[in-house]
Amino acid sequence: MGCLIEATYVSIIIPTFNGGARIYNCLDALLKQLDGLNAEILVVNDGSTDDTIEVVKPYPKVRLITQANEGPAAARNRGAAEARGAIILFTDDDCVPMHDWLNAMLAPFEDPEVVGAKGIYRSHQKSLAARFVQIEYEDRYRLMAGLPSIDFIDTYSAAFRRDRFLEMTGYDTSFPVACAEDIELSYRMSARGWKMKFVPNAIVYHTHPDTFSKYLKKKYKFAFWRVLAVRKNPSKGVKDSHTPQMMKLQLLFAPALLLASVFDLAMRPVLSASAIVLAIFFLSTLPFTLRAFRRDPIVGVLSPAILALRACVQIVGIAAGLVYARSKPAQIATNSAA
């Protein structure tokens with residue numbers, strides 16, 4: 001890493017709510033990376049009711065900020081406002097950054113045009129659901145690899161120039177949960193033409209959903225809140241650097257199968273419309289299935305069925321998100337002009 005970044009003060013911000021049972025893993029991993037850098041760690045305690053304060057206090061190099069519970073977006077914004085660093089980094093209290101994560105995340109900022117950077121997830125988990133989730137993430141990382149700029153920075157491994165982050169007024173606090181507020185900020189930054197980089201060697205380990213029930217609930221939640229992010233940034237509904245276009249087409253699977261089933265019952269055609277829909281959907285899953293099979297044969301074999309369930313859950317989440325968005329016109333307008 002060059003002298004410019006080594007001389008720059010940086011701040012690592014970790015928002016937490018009732019994270020006492022897990023945040024020490026994150027802090028222990030980060031503190032080992034501060035040697036030789038002008039860096040600080042800020043933990044923003046977002047109204048925790050567990051022993052988070054007691055867990056964090058013994059760390060002398062960690063600055064603890066406590067506020068009433070306002071949600072993760074507000075907690076991150078509070079950390080950014082109080083940070084001393086010219087570059088701010090975010091990770092989550094359930095993430096464990098690899099030993100070279102900090103250096104890897106800072107490296108892109110040697111380019112003065114770079115405003116933000118994003119790292120990746122990995123997992124040690126062995127459950128079938130977690131293995132599928134990891135392969136799903138890696139399939140998206142494949143899309144971002146080599147792009148000159150991205151428009152999708154997740155908070156589990158994020159870095160920004162602090163002045164640009166504050167210029168955008170930070171994360172949109174109309175998102176009350178930790179979901180899509182990070183994507184919405186990325187979309188706004190991208191709309192200004194700001195350069196953001198994908199950093200595949202900046203790795204944090206994370207615990208993915210370990211059952212398919214948890215996975216599908218998470219997919220519903222993401223789809224629901226993503227509606228708000230896209231409604232505020234409509235062009236990103238067409239294409240972004242993270243979402244496979246095929247996944248968007250697969251969202252039509254559930255309504256198409258429903259209409260086809262009704263048609264089959266009413267018309268009794270020789271060639272079942274439902275069978276045609278199922279065949280088309282299966283063909284649409286083949287590229288992902290083959291890539292997954294090469295990594296994990298069991299996951300690969302099950303992928304078409306999992307992707308079908310994912311598509312059904314996501315379309316329901318989008319429908320619910322649209323209803324919610326229409327009921328919150330004032331909140332939807334928040335930060336739209338930022």
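Visitor: Why is Ala180 called buried?

Guide: Ala180 has a relative accessible area of 8%. Buried means under 20%, so Ala180 passes that test with its 8%. Keep in mind that this is a predicted model.

Visitor: Where is Ala180 found, and what is its phi?

Guide: Ala180 is in the loop between α7 and α8. Its phi is near 80 degrees, a positive value in a residue other than glycine.

Visitor: Thr169 also has a positive phi. What makes Thr169 partly exposed?

Guide: Thr169 has a phi of about 60 degrees, although it is not a glycine. Thr169 lies in the loop between α7 (162-167) and α8 (181-191). Its relative accessible area is 44%. Buried stops at 20% and exposed begins over 50%, so 44% makes Thr169 partly exposed.

Visitor: How do you know that the chain is as compact as a globular protein of its length?

Guide: Start with the parts: the chain has 14 helices and 8 strands. Its radius of gyration is 21 Å, and the globule rule gives 20 Å for 338 residues. Those values are close, so the chain counts as being as compact as a globular protein of that length. Along the principal axes, its C-alpha atoms fill a box of roughly 75 × 45 × 40 Å.

Visitor: How much of the chain is buried, and how many contacts join residues at least 24 apart?

Guide: Of the 338 residues, 52% count as buried. Take the contacts between residues at least 6 apart in sequence: 77% of them join residues at least 24 apart.

Visitor: What about the surface and the charges?

Guide: The accessible surface comes to about 15,300 Å², and 63% of that belongs to carbon and sulfur atoms. The chain has 39 positive and 32 negative side chains, with the centres of the two sets 6 Å apart.

Visitor: Why are Tyr121 and Tyr137 called an edge-to-face pair?

Guide: The whole structure holds 17 aromatic pairs. In this one, the rings of Tyr121 and Tyr137 are 5.0 Å apart centre to centre, with 75 degrees between the planes. Rings pair if their centres lie within 6.5 Å, and planes over 60 degrees apart count as edge-to-face, so 5.0 Å and 75 degrees meet both conditions.

Visitor: Which parts of the chain does this pair link?

Guide: Tyr121 sits in strand β6 (residues 114-122) and Tyr137 in helix α6 (residues 128-144), so the pair links distant parts of the chain, 16 residues apart. Tyr121 has 6% relative accessibility and counts as buried. Tyr137, at 13%, counts as buried too.

Visitor: What makes the pair of Tyr220 and Phe224 tilted?

Guide: Their ring centres are 6.3 Å apart and their planes are at 35 degrees. Stacked needs under 30 degrees and edge-to-face needs over 60, so 35 degrees leaves the pair tilted. Tyr220 and Phe224 are 4 residues apart in helix α9 (residues 212-232), which means about one helical turn separates them.

Visitor: Buried or partly exposed: how do Tyr220 and Phe224 come out?

Guide: Tyr220 has a relative accessible area of 31%, so it is partly exposed. Phe224 has 14%, so it is buried.

Visitor: Which residues form an aromatic cluster with Tyr121 and Tyr137?

Guide: Tyr141, Tyr156 and Phe198 join those two in one aromatic cluster.

Visitor: How do you know that His208 is buried?

Guide: Its relative accessible area is 3%, and the cut-off for buried is under 20%. His208 is in the loop between β8 (195-205) and α9. Residues it touches include Tyr121, Tyr137, Arg122 and Gln134, leaving aside those up to four places away in sequence. Leu37, by contrast, is 171 residues away from His208 in sequence and 31 Å away in space, C-alpha to C-alpha.

Visitor: And why is Asp296 called buried?

Guide: Asp296 has 13% relative accessibility, so it counts as buried. It lies in the loop between α12 (273-295) and α13 (297-327). Not counting residues up to four places away in sequence, Asp296 touches Arg131 and Ile135.

Visitor: One last residue: what makes Ala256 partly exposed?

Guide: Ala256 has a relative accessible area of 28%. That is in between the 20% and 50% cut-offs, so partly exposed is the right label. Ala256 has its place in helix α11 (residues 253-267). Its C-alpha atom is 8.3 Å from that of Ser274, which is 18 residues away along the chain.

Definitions and conventions: Residues are numbered from 1 along each chain as its sequence is written. This is a predicted model: local features need pLDDT of at least 70, side-chain atom pairs count only at pLDDT 80 or more; totals for chains, interfaces and linings use all residues. Side-chain values use heavy atoms; hydrogens and water are left out. Helices (H or I, at least four residues) and strands (E, at least two) are DSSP runs, numbered from the N terminus. The radius of gyration is taken over C-alpha atoms; the globule rule is 2.2 Å times the number of residues to the power 0.38. Buried means under 20% relative accessible area, exposed over 50%, partly exposed in between (1.4 Å probe, protein chains only). Contact means heavy atoms within 4.5 Å. Accessible areas come from the Shrake-Rupley method with a 1.4 Å probe; for residues, only the protein chains shown count as cover. Lys and Arg count as positive and Asp and Glu as negative; His and the chain ends are not counted. The place of a charge is taken as NZ of Lys, CZ of Arg, CG of Asp or CD of Glu. Rings of Phe, Tyr and Trp (its six-membered ring) pair if their centres lie within 6.5 Å; planes under 30 degrees apart count as stacked, over 60 as edge-to-face and the rest as tilted.
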